[in-house]
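Welcome! Here is a short guided tour of one protein model, for anyone meeting it for the first time. Please keep the sequence and the 3D view open as you read.

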Amino acid sequence: MGGPTATLEVGSDGVAIITLQNPPVNALHPAVLNALFNCLREAHSRQDVKAIVVTGAKGRFSAGFDINQFAKSGGGGIDSRINDNFCALLESGPKPTVAAVESLALGGGLEVALACNARLCTPGTKLGLPELQLGILPGFGGTQRLPRLVGLQTAAQMMLTSAPINDKKAAKLGLVDAVVPADKLLPAARTWAAEIAAGTKPRNFTLYRTDKLEPLGEALPILEFARAETQKRAPHLTHPLLCLDAIRTGIEEGGLAGLRQESFAFNKAASLDTHKALVHIFFAQRATKKVRGITDGGLKPRRIKKIAVLGGGLMGSGIATASALAGIDVLLKEVNQKFLEGGLARIKSNLASRVKKGKMTQEAAGAVFARVKGTLDYNDFCSVDMVIEAVIEDVGLKQRIFADLEKCCRPDCILSSNTSTIDITLIGAKTRAADRIVGAHFFSPAHIMPLLEIVRTDKTSPQVVLDTLEYGSAIKKTPVVVGNCTGFAVNRVFFPYTQAACLLVDLGLDPYKIDMAIYAGFGMPMGPFRLSDLVGADIGLHVGKNFLDSFPERTYPANLIVKLNEAKRLGEKTGSGFYAYDAKRKAKPDPSLAPIVEASRKASGLYKGGKGPAMSPQDIIEFIFFPVVNEGCRVIAEGIVDKPADLDVATVLSMGFPAYRGGLIKWADLIGPARVAERLNGWAAQFEAAGLAGFFKPCDYLANAAKNGTQLGAGVSPGSRM
Ligand code: 3HC
């Protein structure tokens with residue numbers, strides 16, 4: 001079969017079947033839309049056609065407009081002439097239309113179905129308008145037709161959350177007219193279409209319906225509430241408000257005026273950086289599973305069916321939970337019965353919390369828990385495909401464990417460590433198994449956080465990396481393959497984050513003002529000091545020392561963290577750190593921090609009195625994040641990540657770097673490498689006398705991009721790594 005298209009086939013019953021064809025998800029490429037338009041014109045004009053059914057090839061209706069087109073056109077990419085014409089032809093052409101929806105109808109896919117005069121779907125179908133996730137809004141009439149089918153309240157919620165609904169809910173709401181088994185879908189849709197043509201079933205023109213819409217007096221408050229909530233929840237985003245504007249125009253002035261407003265709002269949203277950033281993240285997230293030298297050869301992944309987890313602490317129990325949830329059998333090993341029971345109890349409690357949140361039934365949780373077997377010895381280890389070690393960060397202990405594992409596991413068993421700070425090569429130093437040793441670095445809580453860093457050493461075999469990638473996907477994580485270095489990718493690029501914030505405090509800035517700039521001003525889930533309290537100042541000190549040892553020329557030795565440790569203010573776990581915590585762990589600025597700040601400033605020798613240098617929130621953001629970008633550039637240049645976009649995904653999924661900013665490197669590219677380098681050079685000069693030039697000085701990769709006008713996201717070719 002050729003490229004993206006739509007085909008027309010007319011049956012002896014006089015029903016024309018138009019099939020959208022662009023596997024795997026029948027994305028609406030412009031060629032598909034053009035062909036759909038031509039098929040519709042032909043079907044409407046042919047004498048032998050009395051009704052039309054639109055369906056999708058290969059068991060899927062459509063996942064919407066082809067997102068690749070956005071990336072190519074740099075925004076929009078939709079020909080509004082075709083848009084207006086094909087939706088009008090679907091809805092109000094001479095012949096009635098029915099959508100036969102199998103498996104998924106998302107975005108533009110659902111909008112095609114909405115424009116039809118009736119919709120049937122199969123059990124298990126997902127229907128939704130997730131455009132806001134891409135920084136745009138529905139552009140084929142969804143902002144107008146969805147509220148008219150399911151009511152404004154539900155429609156606004158579906159659009160604002162981007163969350164799809166299932167077939168049952170869709171039927172209940174009236175979004176679909178019937179749910180039909182897959183093998184009966186086309187015959188049922190043909191009959192339905194023929195019946196509309198014969199006048200025995202009504203022909204509905206959704207755009208002109210008002211029966212499901214709330215009266216104006218109710219509708220406007222709903223929209224105002226949605227607007228206020230959106231501004232509160234996502235203060236940096238414009239496109240949800242543009243979407244609400246389009247809905248509102250339709251409610252106040254009718255569907256046709258609403259369509260015009262939708263078109264205007266769509267183009268406006270598509271021109272914003274948010275859209276570019278979110279489309280970048282959409283593709284980058286899918287591309288982390290494509291790794292040079294690993295997935296581009298002939299290797300086939302081996303499925304991981306059974307794993308052993310060493311250590312039932314917070315991390316180990318989380319890893320065990322995520323694995324068991326994915327149908328993997330788990331052996332949980334601990335050193336004594338008490339610890340083992342503690343680990344098993346944690347897994348049980350992780351599952352119970354899913355039950356409480358309505359994510360699974362009690363019965364299903366019981367079945368998942370039954371996949372976990374506790375053990376105190378290595379007896380059953382010969383039956384596992386992979387071991388994940390998650391014990392305390394003690395090199396000697398880990399080395400002894402890996403030596404034991406080599407003896408009791410199969411020779412093809414993957415031996416992995418969840419260490420966040422220790423060199424993976426060192427961990428395996430006392431074994432001969434270097435080719436099957438890999439890092440499997442989870443983020444806490446491991447059963448919830450979506451990222452898995454797969455740390456390969458120069459000895460790890462490609463097959464082991466591939467199998468671990470497969471395991472990561474199986475447990476529903478986004479796996480990112482990284483190289484073996486201090487902090488791996490995420491912790492390494494973020495090491496200047498807290499240090500730059502501490503430097504600002506030593507200069508005289510208020511820590512709470514800094515947190516506010518990063519949290520409210522930039523959109524991180526929390527500021528660096530709140531994060532430090534969450535992680536613990538003791539851990540911060542340990543990690544900081546690691547970086548000081550590895551990169552002494554560019555580390556700011558943060559006095560503030562040392563002083564907090566001396567004062568035993570370790571953060572949330574001790575009830576105070578930068579903030580004071582109440583019994584519910586709610587953080588409040590704490591006046592008793594002042595002497596600690598004062599001592600740190602004095603020790604730094606940088607404080608010149610008063611409130612420090614005048615800095616706007618944007619200055620604070622750049623002062624803290626540009627050194628992070630700089631370290632990200634080193635990580636790219638050293639080949640620690642396979643491609644720069646992997647770093648974008650990793651920073652979004654681990655630290656909560658806002659996806660709508662595109663991840664760390666995309667964000668810097670949208671600002672421009674020249675500006676990033678210029679500011680860093682300015683601070684390097686300013687702090688040279690204090691011995692801190694190295695903390696800011698742009699690395700070669702960044703400096704070259706700034707000089708040559710290239711993008712940081714363009715990466716380095718494999719042969720030219722520095
Ligand atoms: N356009 C182009 N490619 C798409 C696509 C789309 N709308 N949706 C999915 N794909 C591609 C993916 O990039 C991937 O390609 P790859 O194999 O080369 O990496 C392939 O289809 C399979 O996708 P997934 O790996 O994500 O497969 P899953 O089965 O896990 O998920 C899905 C399928 C639920 C459809 C998920 O891909 C998805 O959520 N897609 C995006 C849906 C969406 O946002 N639609 C709105 C588009 S914008 C729009 O319609 C504008 C309109 O209002 C005018």
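Thr375 lies in strand β12, which covers residues 372-375. In this predicted model, Thr375 has a relative accessibility of 13% and counts as buried, because buried means under 20%. Setting aside residues up to four places away in sequence, Thr375 touches Leu331, Leu332, Lys333, Glu334, Leu340 and Phe381.

**Two buried strand residues**

- Glu389 is found in strand β13, residues 386-389.
- Glu389 has a relative accessibility of 0%, so this residue counts as buried.
- Which residues does Glu389 contact, leaving aside neighbours within four places in sequence? They are Leu310, Lys398, Ile401, Phe402, Ser416, Ser417 and Asn418.
- His441 has its place in strand β15, and the residues of β15 are 437-442.
- His441 is buried too, with a relative accessible area of 4%.
- Not counting residues up to four places away in sequence, His441 touches Ser417, Asn418, Thr419, Ser420, Leu451, Leu452, Glu453, Phe488 and Asn491.
- His441 and Ala390 are 51 residues apart in sequence, and their C-alpha atoms are 9.4 Å apart in space.

**Helix α16 and what covers it**

- Helix α16 takes in residues 395-408, which is 14 residues.
- At 1.5 Å a residue, α16 should span 20 Å, and its end C-alpha atoms are indeed 20 Å apart, so the two values agree.
- Which residues of α16 are buried? They are Lys398, Gln399, Ile401, Phe402, Ala403, Leu405, Glu406 and Cys408.
- In an α-helix there are 3.6 residues a turn, so residues three or four places apart point the same way.
- The cover over the buried residues of α16 includes three strands named here, β10 (306-310), β13 and β14 (414-417).
- Also included in that cover are α17 (424-427) and strand β15.
- Three of the buried residues of α16, namely Lys398, Ile401 and Phe402, are among the contacts of Glu389.

**Two pairs of packed helices**

- A pair of packed helices is described by the angle between the two axes and the distance between them.
- Helix α13 (residues 314-325) and helix α14 (residues 337-356) have axes that come within 9 Å and cross at roughly 55°.
- With that angle, α13 and α14 are therefore oblique to each other.
- The crossing in which α13 passes α14 is right-handed.
- On the α13 side, the contact is made by Leu314, Ser317, Gly318, Ala320, Thr321 and Leu325.
- On the α14 side, Gly343, Arg346, Ile347, Asn350, Leu351 and Arg354 take part.
- Sorted by class, the contact of α13 with α14 has five nonpolar, five polar and two charged residues.
- Helix α21 (residues 511-522) and helix α22 (residues 528-535) pack with their axes 7 Å apart, at an angle of about 100°.
- This angle makes α21 roughly perpendicular to α22.
- Pro511, Ile514, Asp515 and Ile518 of α21 meet Pro528, Phe529 and Arg530 of α22.
- The contact of α21 with α22 divides into five nonpolar, no polar and two charged residues.

**Cis peptide bonds**

- The peptide bond from Pro23 to Pro24 is cis, with omega near 10°.
- Pro24 sits in the loop between β2 (15-21) and α1 (30-45).
- A cis bond is also found from Ser444 to Pro445, where omega is near -5°.
- Pro445 belongs to the loop between β15 and β16 (451-456).

**Positive phi angles**

- Ser162 is not a glycine, yet its phi is positive, at about 65°.
- Where is Ser162 found? Its place is the loop between α6 (152-161) and β8 (165-166).
- Ser162 is buried, with a relative accessible area of 7%.
- Phe488 is not a glycine either, and has a positive phi of about 50°.
- The loop that holds Phe488 runs between β17 (478-483) and α19 (490-493).
- Is Phe488 buried or exposed? At 1% relative accessibility, Phe488 counts as buried.
- Phe488 is also one of the residues that His441 touches.

Key:
Residues are numbered from 1 along each chain as its sequence is written. This is a predicted model: local features need pLDDT of at least 70, side-chain atom pairs count only at pLDDT 80 or more; totals for chains, interfaces and linings use all residues. Side-chain values use heavy atoms; hydrogens and water are left out. Axes are lines fitted to C-alpha atoms, for helices over the stretch in contact, and angles run from 0 to 180 degrees between N-to-C directions. Helices (H or I, at least four residues) and strands (E, at least two) are DSSP runs, numbered from the N terminus. Angles under 35 degrees count as roughly parallel, over 145 as roughly antiparallel, 65 to 115 as roughly perpendicular and the rest as oblique. A crossing is left-handed if the near helix is turned anticlockwise from the far one by less than a right angle, and right-handed if clockwise. Contact means heavy atoms within 4.5 Å. Ala, Val, Leu, Ile, Met, Phe, Trp, Tyr, Cys and Pro count as nonpolar, Asp, Glu, Lys and Arg as charged, and the others, Gly among them, as polar. Buried means under 20% relative accessible area, exposed over 50%, partly exposed in between (1.4 Å probe, protein chains only). The expected span of a helix is 1.5 Å times one less than its number of residues.
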